[in-house]
Amino acid sequence: MKTLIIAIIVSVASASAAQAISCKAWPRSVVTKNLQIKHKEQPIGVGISKTPGGKTMAVELFASKDGTFSVLLTFPDQNACVIAAGESWTPVKFDENWYN
């Protein structure tokens with residue numbers, strides 16, 4: 001399951017790389033505290049991605065028990081921005097044979 005979540009996160013980040021560079025960034029600690037207090041979200045997955053320009057970023061998935069979720073990009077300077085958010089997040093069991 002962890003691998004599946006990371007694959008999804010990296011795909012979102014790669015598809016949004018150009019947009020991600022121009023997103024409004026805040027200190028990561030401020031963003032994550034807001035996600036925790038306002039939405040009761042916590043980190044459930046993380047991966048490392050590179051933009052087409054070669055910039056490295058961490059791509060994190062936060063989710064709550066209520067089903068809200070946020071995809072967060074964190075840059076090397078520890079600034080972060082939310083590139084996607086939604087409702088009805090449902091964890092799925094990782095199936096080793098799904099792609100065979």
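**Entry 1: pairing, and the middle of the sheet**

Two strands pair if DSSP finds at least two bridges between them. With that in hand I opened the structure, which is a predicted model, and I looked up strand S3 and its partners. S3 and strand S4, which covers residues 69–74, pair in the antiparallel sense over 6 bridges. I picked out one position along this pairing and noted that Val59 stands opposite Leu73 in S4. The hairpin of S3 and S4 has 5 residues between the strands, and there I found Gly67 with a positive phi near 100°.

I then turned to strand S2, residues 42–50, which pairs with S3 in the antiparallel sense over 8 bridges. Here Pro43 stands opposite Phe62 in S3. The hairpin of S2 and S3 has 5 residues between the strands, and in this hairpin Gly54 takes a positive phi near 90°. Finally I checked how covered S3 is, and I wrote down that 7 of its 8 residues, in the run 56–63, are buried.

**Entry 2: the whole sheet**

In what order do the strands lie in the sheet? I traced 5 strands that form an open sheet in the order S1-S5-S4-S3-S2, with antiparallel pairing. Strand S1 (26–27) and S2 stand at the edges and have a single partner strand each, so one side of each is left without a neighbour in the sheet. For S1 that partner is S5, and the two pair in the antiparallel sense over 2 bridges. Within this pairing I noted that Pro27 has Asn79 in S5 as its bridge partner. As a reminder to myself, strands of a sheet pair through backbone hydrogen bonds, either parallel or antiparallel.

**Entry 3: the nonpolar cores**

I next looked up the largest nonpolar core, which has 10 residues, among them Met57, Val59, Phe69, Leu73, Cys81 and Ile83. The elements that give two or more residues to this core are S3, S4 and S5, and its largest share, 4 residues, comes from S3. A second, separate core has 5 residues, including Val31, Leu35, Leu72 and Ala80. I set beside this a general remark from my course, that in soluble globular proteins nonpolar side chains tend to be buried together.

**Entry 4: Ala80 in S5**

Since Ala80 belongs to the second core, I looked at this residue on its own. Is Ala80 buried or exposed? Its relative accessible area is 0%, and because buried means under 20%, Ala80 counts as buried. Ala80 is found in strand S5, residues 79–86. Leaving aside its neighbours within four places in sequence, I listed its contacts as Lys24, Ala25, Trp26, Arg28, Val31, Leu72, Leu73 and Thr74. One of these contacts, Arg28, lies 52 residues from Ala80 along the chain, yet the two C-alpha atoms are separated by 4.9 Å.

**Entry 5: positive phi without glycine**

Having met two glycines with positive phi in the hairpins, I looked up residues that have a positive phi although they are not glycine. Gln78 has a positive phi of about 70°, and it is found in the loop between S4 and S5. At 48% relative accessibility Gln78 counts as partly exposed, because the exposed class begins over 50%. Ser88, which is not a glycine either, has a positive phi of about 65°, and its place is in the segment after S5. With a relative accessible area of 61%, Ser88 is exposed.

Notes
Residues numbered from 1 in each chain as written. Predicted model: local features only at pLDDT ≥ 70, side-chain atom pairs only at ≥ 80, totals over all residues. Heavy atoms only, no water. Buried < 20%, exposed > 50% of the residue type's maximum accessible area, 1.4 Å probe, protein only. Contact = heavy atoms within 4.5 Å. Core = buried A, V, L, I, M, F, W, Y, C linked by side-chain atoms within 4.5 Å.
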